[in-house]
Amino acid sequence: SGKLTINTSLGTWTHSDGDFREGVIERKIFTDLLGNQFEYDVCRFTFDSIEFRGNLEVEVIGTGSLEIYAVDGDAFIGVPLNVSGGSGNEDDRGQAGAGGFAGGQVNARGLGPGGGLGGTLAGGGGYGGSGGRATATTGLPYGVGGLVDFLGGSGGGGSDNTFSGGGGGGAIKIVASRKLTVDNYLFSLGGGGQTGSGGGSGGALYLKGDELELTGNSLLDVS
């Protein structure tokens with residue numbers, strides 16, 4: 001029970017009961033097919049085993065992708081984990097989920113390797129596939145299915161009037177040396193566009209265990 005806040009920018013794991021852990025942050029560089037380079041951070045926490053159950057609330061904040069390792073036991077994820085991007089709006093960029101890239105400002109390209117085109121015909125962010133209204137330089141897909149470069153989704157382009165683009169979904173990796181069970185939803189959705197702006201792309205979910213079980217309560221979505 002209680003609330004767990006995971007901050008991937010600071011590398012902190014803080015529970016409302018006072019429990020505190022520190023992770024390791026690694027700075028990496030991704031090079032897209034056009035030769036552009038993008039810096040991103042990966043924040044890793046390592047435990048013997050992991051158990052998220054009951055009424056526990058987990059909030060993931062920060063800019064880095066999140067990795068959670070159970071190196072000597074099982075991992076049970078029985079509560080929701082959500083690193084979805086925020087919708088475009090009039091006040092600021094659509095915020096990215098942890099590990100993703102924010103939406104473009106008004107009339108501007110979305111951030112990230114697959115950032116969507118800004119302007120009158122704003123485009124959506126790309127990642128696993130091309131974003132809506134992709135061009136030769138915007139809304140492009142990137143990465144590979146094995147998620148060797150563990151970064152999240154890209155932002156949509158801002159419209160030419162008053163709305164920014166939606167933020168890209170974040171990135172969560174959960175690895176267990178024994179059994180990994182997912183018994184709730186894991187979401188990394190792209191944030192929606194607003195009144196002509198482009199939506200962000202979904203992010204990344206990486207799940208691995210010696211045995212993997214997705215129960216009837218589980219739902220994975222990176223749309």
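**Entry 1: cavities**

I looked for enclosed spaces in this predicted model and found one cavity of 30 Å³ or more. I noted a volume of about 40 Å³ for the largest cavity. Which residues line the largest cavity? I listed Asp32, Leu33, Leu34, Pro113, Leu140, Pro141 and Tyr142. I then sorted this lining by class and got six nonpolar residues, no polar residues and one charged residue.

**Entry 2: the largest nonpolar core**

I turned to the nonpolar cores. The largest nonpolar core has 27 residues. Which members touch the most other members of this core? I wrote down Ile6, Trp13, Ile50, Phe52, Val58, Ile77 and Leu81. I next looked up the elements that give two or more residues to this core, and they are strand 1 (3–7), strand 5 (37–47), strand 6 (50–52), strand 7 (57–61), strand 8 (65–70), strand 9 (75–77) and strand 11 (171–182). Strand 11 contributes the most, with five residues.

I picked Val58 for a check of its contacts. Leaving out residues up to four places away in sequence, I found that Val58 touches Leu4, Ile6, Phe52, Val79, Pro80 and Leu81. Apart from the largest core I found another core, of twelve residues, which includes Tyr40, Phe101, Tyr127 and Ala204.

**Entry 3: Ala204**

I followed Ala204 from that other core. Ala204 is placed in strand 13. Is Ala204 buried or exposed? Ala204 counts as buried because its relative accessibility is 3%, and the cut-off for buried is under 20%.

I looked at what surrounds Ala204. With neighbours within four places in sequence set aside, Ala204 is in contact with Tyr127, Leu147, Phe150, Leu151, Gly170, Ala171, Ile172, Ser188 and Val222. For Val222 I also noted the spacing: Ala204 and Val222 are 18 residues apart in sequence, and their C-alpha atoms are 6.5 Å apart.

**Entry 4: Ser164**

I found Ser164 in the loop between strand 10 (81–82) and strand 11. Ser164 counts as buried because its relative accessibility is 1%.

What does the side chain of Ser164 reach? I found the backbone nitrogen of Gly94 at 3.4 Å from this side chain. A polar atom of the Ser164 side chain also lies 2.6 Å from the backbone oxygen of Asp92. Asp92 and Gly94 appear again in the contact list of Ser164. Without residues up to four places away in sequence, that list reads Gly88, Asn89, Asp92, Arg93, Gly94, Gly104, Gln105, Val106, Gly158 and Ser197.

**Entry 5: Ser197**

I moved on to Ser197, one of the residues that Ser164 touches. Ser197 sits in the loop between strand 12 (185–187) and strand 13 (204–214). Its relative accessible area is 11%, so Ser197 is buried.

Which backbone nitrogen lies 2.7 Å from a polar atom of the side chain of Ser197? I found that of Gln194. I also recorded the backbone oxygen of Ser164 at 2.8 Å from a polar atom of the Ser197 side chain. Setting aside neighbours within four places in sequence, I listed Ala122, Gly157, Gly158, Ser159, Phe163, Ser164 and Gly165 as contacts of Ser197.

**Entry 6: Gly64**

I located Gly64 in the loop between strand 7 and strand 8. Gly64 is buried because its relative accessible area is 0%.

I checked Gly64 against Asn7. These residues are 57 residues apart along the chain, and their C-alpha atoms are separated by 8.4 Å. What does Gly64 touch, not counting residues up to four places away in sequence? I noted Thr8, Asp41, Ala98 and Gly99.

**Entry 7: positive phi**

I looked up two residues for their backbone angles. Asn107 is not a glycine, yet its phi is positive, at about 65 degrees. Leu147, also a residue other than glycine, has a positive phi near 55 degrees.

I then checked where they sit. Asn107 is in the loop between strand 10 and strand 11, and Leu147 is found in the loop between strand 10 and strand 11 too. Are these residues buried or partly exposed? Asn107 counts as partly exposed because its relative accessibility is 48%. Leu147 counts as buried because its relative accessibility is 16%. I had already met Leu147 among the contacts of Ala204.

Technical notes:
Residues are numbered from 1 along each chain as its sequence is written. This is a predicted model: local features need pLDDT of at least 70, side-chain atom pairs count only at pLDDT 80 or more; totals for chains, interfaces and linings use all residues. Side-chain values use heavy atoms; hydrogens and water are left out. A nonpolar core is a set of buried Ala, Val, Leu, Ile, Met, Phe, Trp, Tyr and Cys residues joined through side-chain atoms within 4.5 Å. Buried means under 20% relative accessible area, exposed over 50%, partly exposed in between (1.4 Å probe, protein chains only). Helices (H or I, at least four residues) and strands (E, at least two) are DSSP runs, numbered from the N terminus. Contact means heavy atoms within 4.5 Å. On a 1 Å grid over the protein atoms alone, a cavity is a set of points where a 1.4 Å probe fits but cannot get out, and a pocket is an open set with protein on both sides within 12 Å along at least five of seven lines; lining residues have an atom within 4 Å of a point. Grid points are joined across faces, edges and corners, and a volume is the space filled by probe spheres set on the points. Ala, Val, Leu, Ile, Met, Phe, Trp, Tyr, Cys and Pro count as nonpolar, Asp, Glu, Lys and Arg as charged, and the others, Gly among them, as polar. A polar contact is a pair of N or O atoms within 3.5 Å; within protein, one must be able to donate a hydrogen and the other to accept it, and residues adjacent in sequence count only if both atoms are side-chain atoms.
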